Amino acid sequence: MLPWKRVLRPLAALLLTAAVAVVPAATATASDGAAPSRGWNDYTCTPSTAHPRPVVLVHGTLGNSVDNWLGLAPYLTSRGYCVYSLDYGQLPGVPFFHGLGPIDKSAEQLSAFVDKVLAATGAAEADLVGHSQGGMMPRHYLKFLGGAAKVNALVGIAPDNHGTDLNGLTNLLPYFPGAEDLLKATTPGLADQITGSAFLTKLNAGGDTVPGVRYTVIATRYDEVVTPWRTQYLSGSAVRNVLLQDLCPLDLSEHLAIGLFDRIAFHEVANALDPAHATPTTCASAFS
């Protein structure tokens with residue numbers, strides 16, 4: 001007989017997938033009773049008293065402002081948030097697949113976008129939610145570009161805060177002469193994310209966080225892109241590090257699923273955005 005874990009894991013995956021399929025991505029009214037926004041990237045949206053800060057979604061590497069957020073953006077707008085997303089890190093001649101440019105330049109794009117959102121909504125601060133590179137890149141904005149004065153919270157979903165070794169594959173680069181230089185020249189955004197890169201060394205020097213910002217990291221032990229997965233965690237007094245499987249042991253989401261359609265992770269994002277009204281995140285959150 002197969003061990004119980006081998007039996008339960010496929011069943012868990014099936015149940016969670018079914019939850020995503022049967023639970024509507026958006027509802028007709030906001031759960032807090034406020035008038036729902038007209039949609040995502042609606043610059044006429046006025047933040048409510050319940051959710052006074054706009055939420056800026058920051059896609060991951062090879063993502064874009066639409067595809068990365070087809071699950072989370074409706075989830076948040078249906079709960080009364082004003083939600084916005086941007087494209088960043090574009091390379092000439094490469095459509096749709098963004099986040100490949102130098103990360104410090106991408107952070108400048110984020111800075112300009114946050115200013116645009118704050119001007120449109122009249123809010124003093126925004127909250128940022130990012131997936132993968134999108135959970136790490138904003139830290140450059142917060143630390144070096146004055147973003148800490150304009151941001152209340154940063155929520156990183158599977159962020160590569162301390163880089164990735166891609167399960168050891170990046171350790172092979174020195175054995176291929178010219179490979180690392182080619183990577184830096186053609187896709188600097190990828191090179192910047194390798195463990196030990198000059199960009200990450202500067203970003204993490206002197207501490208992971210800056211004063212005045214709340215940080216949440218939501219990770220999955222099944223992450224096959226940002227490895228080792230524990231390197232996603234941040235250190236600091238205003239940090240909450242969350243492992244998805246501590247919330248729901250049956251959740252098998254890996255790097256993409258946790259950001260694209262995992263409603264258990266989405267529930268924890270909502271808790272991070274509104275900690276005063278947080279509710280327990282469990283396996284049942286897949287149906288909420």
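Let's start with one pair of residues: Ile-157 stands opposite Ile-218 in strand 5. Strands here are DSSP runs of E with at least two residues, helices are runs of H or I with at least four, and both are numbered from the N terminus. What you're looking at is a predicted model, where local features need pLDDT of at least 70 and side-chain atom pairs count only at pLDDT 80 or more, while totals for chains, interfaces and linings use all residues. Residues are numbered from 1 along each chain as its sequence is written, and side-chain values use heavy atoms, with hydrogens and water left out.

Now zoom out a bit. Strand 4 (residues 151-157) and strand 5 (residues 214-219) run parallel and are paired over five bridges; to count as a pair, two strands need at least two bridges found by DSSP. In general, strands of a sheet pair through backbone hydrogen bonds, either parallel or antiparallel. The whole sheet is open and has six strands in the order 2-1-3-4-5-6, with parallel pairing. At its edges sit strand 2 and strand 6 (239-243), each pairing on one side only.

Strand 1 (55-58) is a nice place to look next. Four bridges join strand 1 to its parallel partner, strand 2, and Leu-57 has Ser-85 as its bridge partner there. In a regular strand, side chains alternate between the two faces of the sheet. In strand 1, Val-55 and Leu-57 point one way, Val-56 and Val-58 point the other way, and all are buried (under 20% relative accessible area, with a 1.4 Å probe and protein chains only; exposed means over 50%, and partly exposed is in between).

What lies across these strands? Helix 3 lies across strand 1, strand 2 and strand 3 (126-131), at about 155 degrees to strand 2. Such angles run from 0 to 180 degrees between N-to-C directions, using axes fitted to C-alpha atoms, for helices over the stretch in contact.

Finally, follow the loops. Ser-65 is in the loop between strand 1 and helix 2 (72-77), and Ser-65 counts as buried because its relative accessible area is 10%. Leaving out residues up to four places away in sequence, Ser-65 touches Trp-40, His-59, Ser-85, Leu-86 and Asp-87, where contact means heavy atoms within 4.5 Å. Phe-96 lies in the loop between strand 2 (83-86) and helix 3 (103-121). Is Phe-96 buried or exposed? Phe-96 is exposed, because its relative accessibility is 58%. Ser-65 and Phe-96 are 31 residues apart in sequence and 8.9 Å apart in space, C-alpha to C-alpha.
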